[in-house]
Amino acid sequence: MDEMKVLITFANCYDMTKDGGNVGMTLNYFFWGEHGELLVSQNDLSGAAVGYQRAKCSVDTKLRDKISFVPGVYKVRMGMKVGSDGKPVLTVTDIGDFLGKVEIKMAAAPAGK
């Protein structure tokens, strides 16, 4: 699969071997787009769902060494696997270049709001 830019917001290694499980790292991220355009604030008063749900996957713990800043934008390599329901699932297979830190700030509300 291709590389894409994602905003990584959380990474945490786990070890469940004592319970017969496995070792890995939970990774939470949002798709960034080329310049952050996939995370633009939305205004929707329709009552329907609005906003962004984070993507989450489990990856090898060795990828933790590639994460220097969170939240931060990284180039990642994506791959497909088959989920437990038999459907294809997009997942991170490798973390590449760190592209920059992200500061989450509140912008001023429009006048009259």
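These legends go with a set of views of a predicted model.

**View 1. The whole chain, five strands and no helix.**
Start with the overall layout: the protein has 0 helices and 5 strands. Reading from the N terminus, the order is simply β-β-β-β-β. The C-alpha trace spans about 55 × 35 × 30 Å along its principal axes. For 113 residues, a compact globule would have a radius of gyration near 13 Å, whereas this protein comes out at 17 Å. As for who touches whom, take the contacts between residues at least 6 apart in sequence: 59% of them join residues at least 24 apart.

**View 2. The surface and its charges.**
Here the outside of the protein is on show, with an accessible surface of about 8200 Å². Carbon and sulfur atoms account for 52% of that area. Of the 113 residues, 28% count as buried. The protein carries 14 positive and 13 negative charges, and the mean positions of the two sets are 3 Å apart.

**View 3. The largest nonpolar core, with pieces from every strand.**
In soluble globular proteins, nonpolar side chains tend to be buried together. In this model the largest nonpolar core has 15 residues. The members that touch the most other members are Ile8, Leu27, Tyr29, Ile67, Val76, Val92 and Ile95. At least two core residues come from each of β1 (3–15), β2 (23–31), β3 (55–59), β4 (72–82) and β5 (88–101). There is also a second, separate core of 5 residues, and Phe30, Trp32, Val73 and Val102 are among them.

**View 4. Zooming in on Val76.**
Which residues does Val76 touch, once those up to four places away in sequence are set aside? One group is Asp2, Glu3, Met4 and Val6. The others are Val92, Asp94, Ile95 and Gly96. Two of these partners, Val92 and Ile95, also appear with Val76 among the core members that touch the most others.

**View 5. Leu39, in the loop between β2 and β3.**
Leu39 sits in the loop that links β2 to β3. Leu39 counts as partly exposed because its relative accessibility is 25%, and buried would need under 20%. Leaving out residues up to four places away in sequence, Leu39 touches Leu7, Phe30, Phe31, Trp32 and Tyr52. Phe30 and Trp32 belong to the second core. Tyr52 is 13 residues from Leu39 in sequence, and their C-alpha atoms are 7.5 Å apart.

**View 6. Gly21, in the loop between β1 and β2.**
Look for Gly21 in the loop between β1 and β2. With 39% relative accessibility, Gly21 counts as partly exposed. How far apart in space are Gly21 and Ile8, C-alpha to C-alpha? The answer is 25 Å, with their places 13 residues apart in sequence.

**View 7. Pro71 and its cis peptide bond.**
Most peptide bonds are trans. The one from Val70 to Pro71 is cis, with omega near 0°. Pro71 lies in the loop between β3 and β4 and, at 25% relative accessibility, counts as partly exposed. Pro71 and Ile8 are 63 residues apart in sequence, yet their C-alpha atoms are 5.5 Å apart in space. Besides Ile8, Pro71 touches Leu7, Lys101, Val102 and Ile104, not counting residues up to four places away in sequence. Ile8 is a member of the largest core, while Val102 belongs to the second one.

Note on methods
Residues numbered from 1 in each chain as written. Predicted model: local features only at pLDDT ≥ 70, side-chain atom pairs only at ≥ 80, totals over all residues. Heavy atoms only, no water. Helix = DSSP H or I, 4+ residues; strand = E, 2+ residues; numbered from the N terminus. Rg over C-alpha atoms; globule rule 2.2 N^0.38 Å. Buried < 20%, exposed > 50% of the residue type's maximum accessible area, 1.4 Å probe, protein only. Contact = heavy atoms within 4.5 Å. Areas by Shrake-Rupley, 256 points an atom, 1.4 Å probe, with all protein chains shown as cover. Lys, Arg positive; Asp, Glu negative; His and termini not counted. Charge placed at Lys NZ, Arg CZ, Asp CG, Glu CD. Core = buried A, V, L, I, M, F, W, Y, C linked by side-chain atoms within 4.5 Å.
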